[in-house]
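Dear colleague,

Please find the structure below, handed over for your files. My notes on what was found in it follow directly after.

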Number of protein chains: 2
Amino acid sequence: MISQKARYALRALVALAKSAEPDRAVFISDIASSERIPRKFLEQILLDLKHHGIVESRRGKAGGYLLLKAPEEITFGEVLRIVDGPIAPLPCLSKTAYRRCEDCRSEESCEVRKVFARVADVTRNVLDRTSIADCLSTDSGKVNLLIAG
Amino acid sequence: MISQKARYALRALVALAKSAEPDRAVFISDIASSERIPRKFLEQILLDLKHHGIVESRRGKAGGYLLLKAPEEITFGEVLRIVDGPIAPLPCLSKTAYRRCEDCRSEESCEVRKVFARVADVTRNVLDRTSIADCLSTDSGKVNLLIAG
DNA sequence: CTAATACCCTACTAAACCGATAGAGTTAAG
DNA sequence: CTTAACTCTATCGGTTTAGTAGGGTATTAG
């Protein structure tokens, strides 16, 4: 299960991409109410995404948030890694945050690891090839999903 | 990430399948020490697997655990669902424990859900087609993994 | 200038979950 | 009838999750 926070992040990004009048920022409050996300919680999430270069913000009376990267370049995988941490089902399978399983005799011969290596592969195949842009119009989404599959 | 408990469960089942002298039970302590699993913790795990019909136990001095189902019939997916709960990345995608996302306007039009539906599909494709038997000899494991992929 | 309205940042918290540990109880073999 | 196995319930410290709270800072309309 992905966290609530990750769901909020993805929905907020889709909302931002949809309301894309170029160079016009969107209020946190607007996203919060249209997407039913607790306002202050969403602040934290967007701030986090800003620190990771996904969105940018403007302060002051006419402030708000905009996408910094193009929707095509923001993958689900990237967002999930920022918000929820590594995608791999075992620490010893993570490419971005590898950690040895300290009770494992040998990584190469670990049977459980072999199976989950496949799970990690197929999961990344979807998440790293699907972007926010694929959520904008139903059709383009379908196309990309078919390619990924 | 799957839980430590699930890793222990899978490793214990593989160990049980490997030490399969038919009709001879294996001590918890033996599995615990050979697999480096905390003994009392393993007790809970095996008990849980017993309640779900995966293993059976014998009490008394010559007691222990044995597989109740054939290794071919115990899938990774089944074990994970018992130990860690639903496999689906969103509650609204679980087949075994469906729950509506209460802040979602419409399930059919949810873009995030569409993407994770694919994730759920490919994940189940691996986990529900891979069994403990696939971990016994390297060769048979490879064969089945290739079929599943 | 200044008040209003945005984002920025840190700290806190209640509840749940995780990874165990403890210990009393039950069963069966020898 | 003792010993050594499984059975079951309770507890516990630490971490994570899903927020809430509140003050600080920047920008701009008037």
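**A serine in a loop of chain A**

A:Ser94 counts as buried, because its relative accessibility is 6%, which falls under the 20% cut-off. Please bear in mind that this is a predicted model. The residue belongs to the loop that runs between helix H4 (76-84) and helix H5 (111-127) of chain A. Residues up to four places away in sequence being set aside, A:Ser94 touches A:Pro86 and A:Ala88. A polar atom of the A:Ser94 side chain also lies 3.3 Å from the backbone nitrogen of A:Thr96.

**A leucine in a loop of chain B**

B:Leu68 is located in the loop between E2 and H4 of chain B. With 48% relative accessibility, B:Leu68 is therefore classed as partly exposed. When neighbours within four places in sequence are left aside, the contacts of B:Leu68 are B:Gly53, B:Ile54, B:Val55 and B:Glu56. As for B:Val26, 42 residues separate it from B:Leu68 in sequence, and the C-alpha to C-alpha separation in space is 13 Å.

**The interface of chains A and B**

Contact between the two chains involves 39 residues of chain B and 41 residues of chain A. The buried area comes to about 3,700 Å², and carbon and sulfur atoms supply 65% of it. On the chain B side, the residues that lose the most area to chain A are B:Met1, B:Asp103 and B:Arg118, which together make up 19% of what that side buries.

Turning to the polar side of this interface, 4 salt bridges are counted between chain B and chain A. One pairing is that of B:Arg7 with A:Asp103, a salt bridge in which the closest N and O atoms are 2.9 Å apart. In addition, 8 residue pairs are in polar contact across the interface, both residues at pLDDT 80 or more. Two or more residues on the chain B side come from each of helix H1 (4-18), helix H2 (28-35), helix H4 (76-84), helix H5 (111-127) and helix H6 (138-148) of chain B. H5(B) provides the largest share, with 11 residues. By residue class, the chain B side that touches chain A consists of 23 nonpolar, 7 polar and 9 charged residues.

**The surroundings of DNA strand D**

DNA strand D is surrounded by 28 residues, the closest of which are A:Lys40, A:Gln44, B:Lys50, B:Ser57 and B:Tyr65. Of the strand D atoms that come within 4 Å of the protein, 67% belong to sugar and phosphate.

Individual distances fill in this picture. From chain A, the side chain of A:Lys40 has an N or O atom 2.3 Å from a base oxygen of DNA strand D. From chain B, a side-chain N or O atom of B:Lys50 is 2.6 Å from a phosphate oxygen of the strand, and for B:Ser57 the distance from such a side-chain atom to a phosphate oxygen is 2.5 Å. The elements that give two or more residues to this surface are helix H1 (4-18) and helix H3 (39-51) of chain A, along with helix H3 (39-51), strand E1 (55-58) and strand E2 (64-67) of chain B. H3(B) gives the most, namely 7 residues. The residues of the surface near DNA strand D comprise 8 nonpolar, 9 polar and 11 charged.

With kind regards

Notes
Residues numbered from 1 in each chain as written. Chains lettered and ligands numbered in written order. Predicted model: local features only at pLDDT ≥ 70, side-chain atom pairs only at ≥ 80, totals over all residues. Heavy atoms only, no water. Contact = heavy atoms within 4.5 Å. Buried area = accessible area lost by both parts, 1.4 Å probe. Salt bridge = Lys/Arg side-chain N within 4 Å of Asp/Glu carboxyl O. Polar contact = N/O pair within 3.5 Å; in protein donor to acceptor, adjacent residues only side chain to side chain. Helix = DSSP H or I, 4+ residues; strand = E, 2+ residues; numbered from the N terminus. Nonpolar A, V, L, I, M, F, W, Y, C, P; charged D, E, K, R; others polar. Near = heavy atom within 4 Å. Buried < 20%, exposed > 50% of the residue type's maximum accessible area, 1.4 Å probe, protein only.
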